[in-house]
Amino acid sequence: MINIPSTIKISFRALRVNKMRSALTMLGIIIGVGAVIAMLAVGTGASQKISEQISSIGSNLLIVLPGATTAGGVRMGAGTQPTLTMRDAEAILKECPSVLDVAPDLSGVAQIVYGNQNWSTGVRGTTPSVLNVRDWSIDEGKSFTEQDVKSATKVALLGQTVVDNLFGEVTPIGKVIRIKNVPFTVIGILSRKGQSPTGQDQDDTIYIPLTTAQKKLFGTAFPGMVRIIMVKAKSTEGLLDAEKQITGLLRQRHRIGPKQDNDFTVRNLTQMMQAAEQSTKVMTLLLGAIASVSLLVGGIGIMNIMLVSVTERTREIGIRMAVGAKTWDIRLQFIIEAVTLSLIGGIAGIVAGVSGSKVISMIAGWATIVSPLSILLAFSFSGLVGIFFGFYPAYKASLLNPIDALRYE
Amino acid sequence: MALIESVGITKVYKLGDVEVNALCSVSLTIERGDFIAIMGPSGSGKSTFMNILGCLDTPTTGHYLLEGTDTAQLNRDELAGIRNNKIGFVFQGFNLLPRTSALENVELPLLYNGISAKERRQKAITALKAVGLEGREGHHPTQLSGGQQQRVAIARALVNDAPIILADEPTGNLDTKTSSEIMELFVKLNRESNITIILITHESDIAAYSRRIIKFLDGCIINDEPVRKL
């Protein structure tokens, strides 16, 4: 029968007797646990930032760009040859099963005037579905409708940056702004999105109905021309299917022969971002693994001290055995000592890791996130380290011959 | 049934390639309530015999029956259980835990048989009272004299109500006056509590406190006779 409370009491007393030694042994675990938590916090912070950016451009997003013109052997770069139309967009939505929604886009830069303020920004002609495709919402007012697109109404949705620069304290809804001298009524304000993954201010934009952009602002090389088509796939897993379906459909619609190059490009933004997210996850894992090595070293420190302690206390072990301590009484006593060392070290290490990651955020300016899971992980891992590295010394102690142990000087 | 029955016990140690016969076929019987002194020069096998009696060691051949149980059949933990319940040890060097109060030293055997903390404390206080150390429960070994330390050790041997006390030169580190006080305590425990006491000693005046003296030489019993009281 093993008496756990008194075994714990015995272990605590033994640790108190050698305060300095116990503290130094714990330091190894403190540094190990602290490093694991801080490194995981840095990694988690980085990948959190990337996934925020992914959701800011819109999840499961594909972008169809027109192809490049070739003028006298000089290729002009993607998008120089206008090849996409509204009908392409409608066909993608109708015929590609993996596509959830599409938003064609015809954009240009224009000077905006309201009262005595003016501002230059990107004006995008599109359809109401853009809000769904880009996971964007309206803060105030309302969006334009399919009807507005059909009848080329002169209405506009403003991004937050535009609102700040043109209106200041004035409420923009219902006011009339001039885009390239054409009057537009402001009917809604977009919610704030922040920076895109490439560092552009996504709020510095104006949305107007696609047809209005085509007919009143930018003109078209041919009827129904659009600059790009944004596509939202039904799911992340469906992104590649959607890409294939769109490519097949557009090749057919644009009558491209089997040996000809595409006159358009499909870009998979989500996949690119996911690759980036994946690489930060690998980095997190790597940082964690390196930090765990220090935890391992701390564990070896515990084993070392426990072995010294067993040797020093051989006589005590002999006395305990003589008065009836059984194998597991002795083992538990030393294992509990080791676990106590590692758990107290673990708790102090959590404190050190959490404050350490705060300091890193402050000094390096990185986002760090201490997840409860990493704390739980580090704490239970330090407990396991105690059991693992405490077991051998405890095992050694329990195998001592009581007669020899009693005679030990 | 005799308390202790030793039947043809031998013990062979291996020192490298050399085999040393520490005991050669020792047979004897000890009845409950006896008070025995084992004497003999160094290397005569008396300590080896004592270790076997104390279940700290097992015989190479032969049988050791303690209250009818053959200890040769028992494993390490079962032997520990017997040491805990049936045997109290008193050593020459006291063997108390350092930096630990007298009370906690006495409580030590009770830690390993699962009785409650309250009862442990009660029994330890009673045992310390029985050896005349009332009021010194909180003292650490370094704060006690040699005689007092040995009394703590005796209290530790008593605390589990063990029927046997094995004492290995209990007065070896004590002066004459303290030695006789400790021996008086053993005599009292033997008479009043009917505890069987087996002690090893070099000195015949210590052996004279016993009722029966067993002499060892070269691993064999050469003499076994009752003490003639004057």
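Where in chain B does B:Asp218 lie? I'll start there. B:Asp218 sits in the loop between β9 (212-217) and β10 (220-226) of chain B. Before I go on, keep in mind that this is a predicted model.

So, B:Asp218. The backbone has a positive phi of about 50° here, although the residue is not a glycine. As for the surroundings, B:Asp218 counts as exposed, because its relative accessibility is 58% and the cut-off for exposed is over 50%.

Chain B has another residue of this kind to show you, B:Glu67. Again we have a positive phi of about 50° on a residue that is not a glycine. B:Glu67 belongs to the loop between β4 (61-66) and β5 (69-70) of chain B. Buried or exposed, or something in between? B:Glu67 comes out as partly exposed, since its relative accessible area is 23%.

OK, next up, the interface. On the chain B side, 26 residues are in contact with 28 residues of chain A. Putting the two chains together buries about 2,300 Å², and carbon and sulfur atoms account for 55% of that. Which residues of chain B lose the most area to chain A? Those are B:Arg76, B:Asn95 and B:Tyr112, and together they make up 29% of what that side buries.

Now the polar side of things. We get two salt bridges across the interface of chain B and chain A. One of them can be named here: B:Glu104 pairs with A:Lys9, with 3.8 Å between the closest N and O atoms. There are also eight residue pairs in polar contact between chain B and chain A, counting pairs with both residues at pLDDT 80 or more.

And which helices does chain B bring to this? Both α2 (76-86) and α3 (102-111) of chain B supply at least two residues each to the side that touches chain A. The biggest giver is α2(B), with six residues. If you sort that side of chain B by class, you have 11 nonpolar, seven polar and eight charged residues.

Let me move over to chain A. The chain is split into domain 1 (4-53 + 275-407) and domain 2 (82-262). Note that domain 1 is given as two segments of the chain. How far apart are the C-alpha centres of these two domains of chain A? The distance is 56 Å.

Two spots in chain A to look at while you have the structure up. The first is A:Gly194, in the loop between β9 (182-190) and β10 (205-209) of chain A. With 25% relative accessibility, A:Gly194 counts as partly exposed. If we skip the neighbours within four places in sequence, A:Gly194 is in contact with A:Gln200, A:Asp201, A:Gln202 and A:Asp203. You can also check A:Gly194 against A:Asp204: they are 10 residues apart in sequence, and their C-alpha atoms are 9.4 Å apart in space.

The other spot is A:Ser342, which you'll find in helix α11 (residues 327-364) of chain A. Why does A:Ser342 count as buried? Because its relative accessible area is 0%, and buried means under 20%. Who is around it? Again skipping neighbours within four places in sequence, A:Ser342 is in contact with A:Ile29, A:Ile302, A:Ser382, A:Gly383 and A:Gly386.

That's my tour, thanks for listening.

Definitions and conventions
Residues numbered from 1 in each chain as written. Chains lettered and ligands numbered in written order. Predicted model: local features only at pLDDT ≥ 70, side-chain atom pairs only at ≥ 80, totals over all residues. Heavy atoms only, no water. Contact = heavy atoms within 4.5 Å. Buried area = accessible area lost by both parts, 1.4 Å probe. Salt bridge = Lys/Arg side-chain N within 4 Å of Asp/Glu carboxyl O. Polar contact = N/O pair within 3.5 Å; in protein donor to acceptor, adjacent residues only side chain to side chain. Helix = DSSP H or I, 4+ residues; strand = E, 2+ residues; numbered from the N terminus. Nonpolar A, V, L, I, M, F, W, Y, C, P; charged D, E, K, R; others polar. Buried < 20%, exposed > 50% of the residue type's maximum accessible area, 1.4 Å probe, protein only. Domains from an automatic or database assignment.
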